[in-house]
Amino acid sequence: MHLVNKRFVDLFGLTRDRYTESLYYEVLTQNQIHETVQEVFLYEQPIKNEMTLTKDLTTYHLEVIGAPYFNQKHDLRGAVLVFHDVTEFKRLEQMRKDFVANVSHELRTPITSIKGFAETMLEDELDPQLEQRFLSIIHKESHRLQLLIQDLLDLSKLEKADFHLNYQTISVDALIKESVEMAKVQAKEKSITLMIEGDHGLMLSADYDRLKQVVLNLIYNAINYTPSDGKVTVSAFESSGYIKIQVIDNGIGIEPEVLPRIFERFYRVDKARSRNTGGTGLGLSITKHIVEAHHGQIFVDSVVDEGSTFTIMLPKEQA
């Protein structure tokens with residue numbers, strides 16, 4: 001080895017002096033590198049391979065390109081290896097694959113139910129009571145399908161580069177009161193108490209409809225994951241040029257190890273309950289996108305069996 005750059009030294013760990021003028025197979029233990037060098041000399045043409053490298057508990061994905069170099073007489077004099085760090089590309093590729101797989105799974109479930117019950121009704125003579133039950137299931141599953149498609153469309157809009165919010169000066173009191181009023185029916189079914197706390201008269205520059213979607217989403221989640229006779233509190237405070245909106249419940253809470261993942265698309269803390277409550281698995285992802293589009297931030301604190309607190313910080317004025 002005659003030359004290594006600083007990035008290579010940083011990534012592979014030894015000092016530059018240790019690499020220089022050493023036999024490559026004595027200082028590099030990765031088989032993919034050995035194979036690349038050997039193939040370059042064997043075939044005398046560019047070779048491309050992939051490898052992984054773990055350093056400081058982080059796994060890097062590297063693309064290794066080896067190319068031969070020749071003198072003026074076209075004698076093979078050596079090889080140049082270039083390492084491209086494609087870790088982020090691999091991560092995005094995996095996210096895309098996961099997203100496609102999750103969408104396919106989420107769509108297949110209601111479609112299978114609708115198709116199955118419809119076929120049964122077409123093929124068999126059913127008594128009216130059973131037919132009504134099957135129609136009810138078909139209606140429920142088609143509604144779930146509609147919600148999923150709407151959420152996917154919302155997510156697609158939010159991620160477009162030309163997406164813009166309809167900013168206006170809004171009353172935070174009015175926003176929270178309307179959201180709580182809309183959630184009362186669902187709360188009443190579980191005998192859950194909805195409460196409003198915090199400062200009054202707060203004003204905010206925001207997209208009213210989008211922000212109401214955020215608050216409603218968090219309230220519905222709180223209701224879904226809070227046992228009967230529980231309590232959900234929605235509060236708003238002013239804090240150093242920001243408006244802090246919180247949705248607090250005394251529900252089942254979230255395990256610490258899954259907290260970092262709850263804003264991922266289709267990630268479900270409790271898969272069975274999420275589906276039973278009609279959740280699409282996209283609600284918190286949409287919520288995060290809307291908050292960040294307002295140049296705000298969203299946080300969550302949770303203790304298992306004690307409850308969760310979702311906090312949104314939004315700037316009062318938008319640039």
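**Note on helix α5 and the salt bridges**

1. In helix α5, the residues V103, E106, P110 and M121 are buried. The model is a predicted one, and the remarks below should be read with that in mind.

2. The length of α5 can be checked against its residue count: the helix runs over residues 87–123, and at 1.5 Å a residue its 37 residues should span 54 Å. The end C-alpha atoms of α5 are 53 Å apart, which agrees with that expectation.

3. A negative surface patch is made up of E123, D124, E125, D127 and E131. One of these residues, D127, is placed in the loop between α5 and α6, the latter covering residues 128–159. With a relative accessible area of 42%, D127 is partly exposed, because this value falls between the 20% limit for buried residues and the 50% limit for exposed ones.

4. Over the whole structure, a search finds 12 salt bridges, and three of them are taken up here, in points 4 to 6. Side chains of opposite charge can pair when their charged atoms come close. In the pair formed by D85 and R7, the closest N and O atoms are 3.6 Å apart. This salt bridge links distant parts of the chain, since D85 belongs to strand β3 (residues 76–85) and R7 to helix α1 (residues 6–12), with their positions 78 residues apart in the numbering. D85 is partly exposed at a relative accessible area of 40%, and R7 likewise counts as partly exposed, at 45%.

5. Helix α5 also takes part in a salt bridge, through K90, whose partner is E50 and for which the closest N and O atoms are 3.3 Å apart. Here too the pair links distant parts of the chain, with K90 in α5 and E50 in strand β1 (residues 47–55), 40 residues apart. K90 has a relative accessibility of 24% and therefore counts as partly exposed, as the limit for a buried residue is under 20%. E50, at 47%, is partly exposed as well.

6. Which helix holds both E181 and K184? Both residues lie in helix α7 (residues 172–189), three residues apart, or about one turn of the helix. Their side chains meet in a salt bridge, with an N to O distance of 3.3 Å. An α-helix has 3.6 residues a turn, so residues three or four places apart point the same way. K184 counts as partly exposed, with a relative accessibility of 43%.

Technical notes: Residues numbered from 1 in each chain as written. Predicted model: local features only at pLDDT ≥ 70, side-chain atom pairs only at ≥ 80, totals over all residues. Heavy atoms only, no water. Helix = DSSP H or I, 4+ residues; strand = E, 2+ residues; numbered from the N terminus. Expected span 1.5 Å × (residues − 1). Buried < 20%, exposed > 50% of the residue type's maximum accessible area, 1.4 Å probe, protein only. Patch = residues over 30% accessible without salt bridge, like charges linked within 9 Å, V, L, I, M, F, W, Y side chains within 5 Å. Areas by Shrake-Rupley, 256 points an atom, 1.4 Å probe, with all protein chains shown as cover. Lys, Arg positive; Asp, Glu negative; His and termini not counted. Charge placed at Lys NZ, Arg CZ, Asp CG, Glu CD.
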